[in-house]
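Visitor: I'm new to protein models and would like to learn how to read one. Could you walk me through some features, one at a time?

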Amino acid sequence: MSRAKVAMPPPLRSLSAKLLLLTVAFVMMAEVLIFAPSVARFRETYLTQRLASAHLAILALEGAPDQMVGADLEAELLKHVGAYLVALEDPKVGRRLLLSIDMPPAIDEVVDLGRMGFFDKLGAAFVTLLGPGDRILRVLGTSPEDGVSKVEIVLNEAPLRREMINFGYRVLALSLAISLFTAALIYLSLHLLLVRPLRRMTENMMAFREDPENAERFMPLSGRSDEVGLAEAQLREMQEALWASLHQKARLAAVGVAVTKISHDLRNILSTASLMSDRLAASQDPDVKRSAGTLMTTLDRAINLCRQTLNFTREGPAVLELSRVDLHALIDEVGSELPASLAGEAEWRNEVPAGVGVEADRAQLYRVFHNLGLNALQAGATAIVLDAARLDERLEIELTDNGPGLSPRARERLFQPFTASGRSGGTGLGLAIARELARAHGGDLELRRSDAAGTCFRLTLPLSQASRQAAQ
């Protein structure tokens, strides 16, 4: 099966690229939410480690005579801790040991690790990151070595800030690596599960558009049970329905061509018959003259029927020749000319109140009732009752018969030409034409019920075209 070439969007504007960028952005957003508590935890760990180093350094005082060390050793111990001052208070013995340079710098902030909550730690971490980084901190806390001793150190914030910045860069690099790796996996998954099937459906739609009458261009089903599989099934169902509709319209077009040819020949035949009826009308015999009038009316209606059948195969609504129509008289006329009614084989009961009228095309309205009545008689009805009721600015006419009812198959496509008929060998064209003519008047034709007790159709018409336009 040949495929139409689809012009794909540029790579940076494709669905795949958008999915990749969105995935990276969302992963980075998640990493930002993780970064804040991570850097706060890093700061707390850094300071806790300094407290532990301070505890170990000050223990050197306990082994020295008189708990004193030389200046060089003291400076080396403070350098190892990274502090200007180290103090240890052991509550068990009540001693306080101290290591310090001669002149410690002035303290800018006191940090008590034991009294800081979660949000305090977050705020302090960002102050360190975004601040000048040269502050002097006095840090208080419990020694992690024994969990009892109180340790105090005075240190410069700059090394802490450098370590936090380096930690942030490492987290950023790791986040980028994780996001890119995750995005690549998601991209491949979505490309296989979504993008490729969408592209395949797009190519199929374009190929089907080029040749919609080719059944080989229906969407092939992948057998998937997810939303993509459902979309494929719905697309194929739509293509099959469109294909069937196109074939049906092709048959209608063929019917239109045939009817055009038949209409031309039939008009010539009817014209000859019309001339003969004119001669009969000139006869002095009253019975002949009366029959000639009926014959002329029937011939005129036959010619008009040929013209209206052509209109059904054309595009656009039927052309209306509006006049005030006496509905009761029109229905009487239809009943008097139905074959079974003329032969006395069926009852045509007109219960429409006298004087009820509508603004409509009389010839087309005659055809609507004639088609409905003829369908009912051909389906086996022996009694047909027509009634009408006014509803606001509209008129509802119901035609009820005592026939055997329509089959479920016929009801499914009742108003589709060549697909539904109430009798064997019927074309179903009569109801399709009747509904089209009803809608051309601004009304509608619908099936109210159809069962073993009979069938009932409802025809709705506006009382006047002015009321129809006002309602629109």
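Visitor: Let's start with rings. How many aromatic pairs are there by the rule used here?

Guide: The count comes to four aromatic pairs. Keep in mind that this is a predicted model. In general, you describe a pair of aromatic rings by the distance of the centres and the angle of the planes. Take Phe118 and Phe119: their centres are 5.2 Å apart and their planes make 80°, an edge-to-face pair.

Visitor: Are those two rings buried or exposed?

Guide: Phe118 is partly exposed, at 49% relative accessible area. Phe119 is exposed, at 67%.

Visitor: Which other pair could I look at, and how are its planes set?

Guide: Try Phe208 and Phe218, which make a tilted pair, 6.2 Å centre to centre with 45° between the planes. This pair links distant parts of the chain: Phe208 belongs to helix α4 (residues 157-210), and Phe218 to the loop between α4 and α5 (227-281), ten residues apart. Phe208 counts as buried because its relative accessibility is 6%, and the cut-off for buried is under 20%. Phe218 is buried too, with 11%. Add Trp243, and you have one aromatic cluster of Phe208, Phe218 and Trp243.

Visitor: Where does the charged end of Arg50 sit?

Guide: Over the ring of Tyr46, 4.8 Å from the ring's centre.

Visitor: Now sheets, please. What is the strand order in the open sheet of five strands?

Guide: First the idea: strands of a sheet pair through backbone hydrogen bonds, either parallel or antiparallel. Here the order is β7-β9-β10-β12-β11, and the pairing is mixed. At the edges stand β7 (347-350) and β11 (444-451); each has a single partner strand, so one side of each has no neighbour in the sheet. From one strand to the next, the twist averages 15°.

Visitor: Which way do β7 and β9 run, and how many bridges join them?

Guide: They run parallel, joined by four bridges. One place to look is Asn350, whose bridge partner in β9 is Leu386.

Visitor: And how many bridges join β9 to β10?

Guide: Eight, and these two strands run antiparallel. Find Ala388, which stands opposite Ile397 in β10. Then follow the chain round the hairpin of β9 and β10: two residues lie between the strands, and Asp392 takes a positive phi near 55°.

Visitor: What about β10 and β12?

Guide: β10 (residues 394-401) and β12 (residues 454-462) pair in the antiparallel sense over eight bridges. Leu395 is found opposite Leu461 in β12.

Visitor: Which helix packs on the sheet?

Guide: That's α7, which touches β7, β9 (383-391) and β10. The direction of α7 makes about 175° with that of β7.

Visitor: Which residues of α7 are buried?

Guide: A handy rule first: an α-helix has 3.6 residues a turn, so residues three or four places apart point the same way. In α7 (residues 327-337), the buried residues are Leu327, Leu330, Ile331, Glu333, Val334 and Gly335. Look at the N-terminal end of α7 as well: Asp326 caps it, with a side-chain oxygen 3.2 Å from the backbone nitrogen of His328.

Visitor: One more: is His55 buried or exposed?

Guide: His55, in helix α1 (residues 15-63), counts as buried because its relative accessibility is 6%. Leaving out residues up to four places away in sequence, His55 touches Leu88, Ser143, Glu145, Asp146, Ser149 and Val151.

Notes:
Residues numbered from 1 in each chain as written. Predicted model: local features only at pLDDT ≥ 70, side-chain atom pairs only at ≥ 80, totals over all residues. Heavy atoms only, no water. Buried < 20%, exposed > 50% of the residue type's maximum accessible area, 1.4 Å probe, protein only. Polar contact = N/O pair within 3.5 Å; in protein donor to acceptor, adjacent residues only side chain to side chain. Phe/Tyr/Trp six-rings, centres within 6.5 Å; stacked < 30°, edge-to-face > 60°. Lys NZ or Arg CZ within 6 Å of the ring centre and 35° of its normal. Contact = heavy atoms within 4.5 Å. Pairing = 2+ DSSP bridges. Axes fitted to C-alpha atoms, helices over the stretch in contact; angles between N-to-C directions.
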